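Q: I have this one open in the viewer and would like to go through its empty spaces and a few local details with you. Could we take it step by step?

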Amino acid sequence: MGRDTKRLVTLQGGDDGQSSVLGVVLMMGFVAAAAVSVFVVGTATVAETRDTAQEQQVENTFKQFNKDVASVAYGRQKYRSMRFDIEDQTAAFRQEDTGNIKVVKDGTTIVDEDVGSLVYENKGETIAYQAGGVWRGTGEDSRMVSRPPVEYQNGSLTFPIPALDGDDQIHAGKLDINKRKTESPVNNVGYIEGELVTLYITSEHYMGWAEYFRTQTNDVAVSVNHSLSGDKGRVKVKLGQPVANGDFQDGVMATGGDEGDIWVDGDNTDDSLAATGEITGEEGEENVESNLYELDEAIQRKVNKADEVTENDSDDSIEAKDLGDEPEITESGTYYDDDGFVLDEDLEIDVSDGNVTLIVDGNITIDNGDLDVTGTSSGNVVRVYSTGNYSHKNGHVGPSFDDSAKHFQFYGTSGMLAVIEGGSTEFVGTIYAPRNEPVLDPSGDEGEPNPVAPTSSDHCNGWDMCISTGSSEFKGAIVGGPTYMGQATSVDYDSTLSNVKPTLELDEGVLPPPITFLKVSVHTVAVNNSGANSIQPAGGFGASASVIAPPTPTKTGFASTAGHSGALVAPTARSAPLQ
């Protein structure tokens, strides 16, 4: 028994000796591992610090390049030279058509400019010069380093676009920067109050552009399309607030350019007529300059907001309603019908409580039903904003005939067609839907058929606005497209409209900023390599500088594109002072 105990003790004593040795070995291993870890971490930290410093140097070099190009593009200096101070010999530079800038004014493109980029890429990092700005990153991760020259302030938008041009190949060394030409202002655009301007920026650095424009305008003005191929996206910037700049001074005002005609078939009106085209069958003012703004954008914005409010039930400012099945509206407010309606029963709108606004996304058809406006002694009105057409056969629309037409106001888009006809048809109110060109083709023997006409009659063919057949009666004013007034119809101007102005009732909270002045200029700048193989810098305005590529250039790819476009591949030269 004692021997067993002693053995147990002996064995235990032997374990203690081995543990001491093992502890020493493990401790040495830990120390060695810690030393290696410190070395690795320290090496990584040094590398990261070096990379950060290098990227900062690259940013600063791009900023200086931006300043030098700007001084030549916008200033009096027509020539400048510099060295691109990039010390990293492993970084990749590329040049390609990386973007496009488009400026559209009221549907007309005034600038469509391809822009290239000078791009630095290294270890997943990207820094680029594009259109006067310096950007870091691509796609949704891009951000602005140095702001572009576009500026919006107090209703004025100034956008000088620097367009780089140059030779097919660029090699390391000093860069010559020459001004070639300036187009300013593009298309002689200047004062544009009341018009709508849209900018489109297509770029690999689109999120940087988007964030910059949000600081210049507001969130409503800027939208982003992320779905383009690769890292590219498109920024859309909308400026300007729609304005209904017309009036109701004439019984009929026909717009539509040179084809904005009026045809009076019979002695059915003694009211003032005006047309941007010609007037047949009655005296009036012909070939007038209307300068009226189309309402398409404004009405669509109202529809978009109504959709959002009613679908999300975000507030009670707009109520969804099927107006074709509604017998009466007695409370003031805004009501939205999302697919148009046919009225074959009676609808009474009582405005005693306040103004009533109807937003209709679609066509409105009055078919033997009445839309009566009552409670007009309050002075309140009904305003209808519709994206579709208006067809009216039999039935009464508006207040009573002895009341003012101002109490029912109908606003339509430039594509709206309106036909009023029938033996017992009455319309008391206004129609306001100006346009720059007709919807229907008036040419040919009969003109293009009008799809809105409720009968098979061809009287309305080729006419956007038509009061035809039967004893249809119209009291108020029409500002629309080419207009036909048939026999046995009555069109009477309501003189109480002389002081009434069209209104869009737009919520300022959903509008982009207004714009009054627009100045877009394009500055073409040639960027070439200097050196033994290059020509001397051009001294005169508009002269080009070119360079013959060396036998083994550092990089290639300064490919010119159509228009004022182009970019360069940066030389990987060591740091040198600005010349």
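Q: What volume does the second largest pocket have?

A: Bearing in mind that this is a predicted model, the second largest pocket has a volume of about 300 Å³.

Q: And which residues are closest to its centre?

A: The second largest pocket is lined by 19 residues, and those closest to its centre are Trp 263, Pro 442, Asn 461, Gly 462 and Trp 463. By class, its lining divides into 8 nonpolar, 5 polar and 6 charged residues.

Q: OK, what about the largest pocket, how much space lies in it?

A: About 770 Å³ of space lies in the largest pocket. Its lining has 33 residues, with Asp 106, Leu 292, Tyr 293, Glu 294 and Asn 436 lying nearest the centre. Two or more lining residues come from each of strand E3 (99-105), strand E13 (197-203), E15 and helix H3 (296-312).

Q: How do the residues of that lining divide into nonpolar, polar and charged?

A: The lining of the largest pocket divides into 11 nonpolar, 11 polar and 11 charged residues.

Q: Switching to closed spaces: how many cavities of 30 Å³ or more are there?

A: The structure holds 4 cavities of 30 Å³ or more, and the largest of them contains about 60 Å³ of space.

Q: Which residues line the largest cavity?

A: The lining is made up of Phe 341, Leu 358, Ile 364, Ile 366, Leu 371, Val 384, Tyr 390, Val 397, Phe 408 and Phe 410, which by class gives 10 nonpolar residues, no polar ones and no charged ones. Strand E26 (364-367), strand E29 (390-398) and strand E30 (408-411) each contribute at least two residues to this lining.

Q: And the second largest cavity, what is its lining by class?

A: That cavity, with a volume of about 50 Å³, has 8 nonpolar, 2 polar and 1 charged residues in its lining. Among the lining residues are Glu 151, Tyr 152, Gln 216 and Thr 217. The elements giving two or more residues are strand E9 (151-153), helix H2 (206-216) and strand E15 (233-239), and H2 gives the most, with 3 residues.

Q: Leu 358 caught my eye earlier; is its strand, E25, buried or exposed?

A: Strand E25 covers residues 356-360, and 5 of its 5 residues are buried, so the strand is largely enclosed by the rest of the structure. Val 356, Leu 358 and Val 360 point one way from E25, while Thr 357 and Ile 359 point the other way.

Q: Which strands does E25 pair with?

A: E25 pairs in the parallel sense with strand E22 (residues 333-337) over 5 bridges, and also in the parallel sense with strand E28 (residues 382-386) over 5 bridges. Val 356 is the bridge partner of Gly 333, and Val 356 also stands opposite Val 382 in E28.

Q: Different spot: where is Ser 521, and what is it in contact with?

A: Ser 521 is found in strand E36 (residues 517-529), and with 6% relative accessibility it counts as buried. Apart from neighbours within four places in sequence, Ser 521 is in contact with Phe 159, Pro 160, Ile 161, Glu 183, Ser 184 and Val 186.

Q: Before I build on any of this, what does the pLDDT average?

A: The protein averages a pLDDT of 81, and 78% of the residues score at least 70. Residues 1-17 have a pLDDT below 50, and this stretch has 0 contacts in the model beyond near neighbours in sequence. Over residues 532-579 the pLDDT also stays under 50, although the model has 153 contacts beyond four places in sequence for them. Where pLDDT is low, the predicted coordinates should not be read in detail.

How values were computed. Residues are numbered from 1 along each chain as its sequence is written. This is a predicted model: local features need pLDDT of at least 70, side-chain atom pairs count only at pLDDT 80 or more; totals for chains, interfaces and linings use all residues. Side-chain values use heavy atoms; hydrogens and water are left out. On a 1 Å grid over the protein atoms alone, a cavity is a set of points where a 1.4 Å probe fits but cannot get out, and a pocket is an open set with protein on both sides within 12 Å along at least five of seven lines; lining residues have an atom within 4 Å of a point. Grid points are joined across faces, edges and corners, and a volume is the space filled by probe spheres set on the points. Helices (H or I, at least four residues) and strands (E, at least two) are DSSP runs, numbered from the N terminus. Ala, Val, Leu, Ile, Met, Phe, Trp, Tyr, Cys and Pro count as nonpolar, Asp, Glu, Lys and Arg as charged, and the others, Gly among them, as polar. Buried means under 20% relative accessible area, exposed over 50%, partly exposed in between (1.4 Å probe, protein chains only). Two strands pair if DSSP finds at least two bridges between them. pLDDT is the predictor's confidence in each residue, from 0 to 100. Contact means heavy atoms within 4.5 Å.
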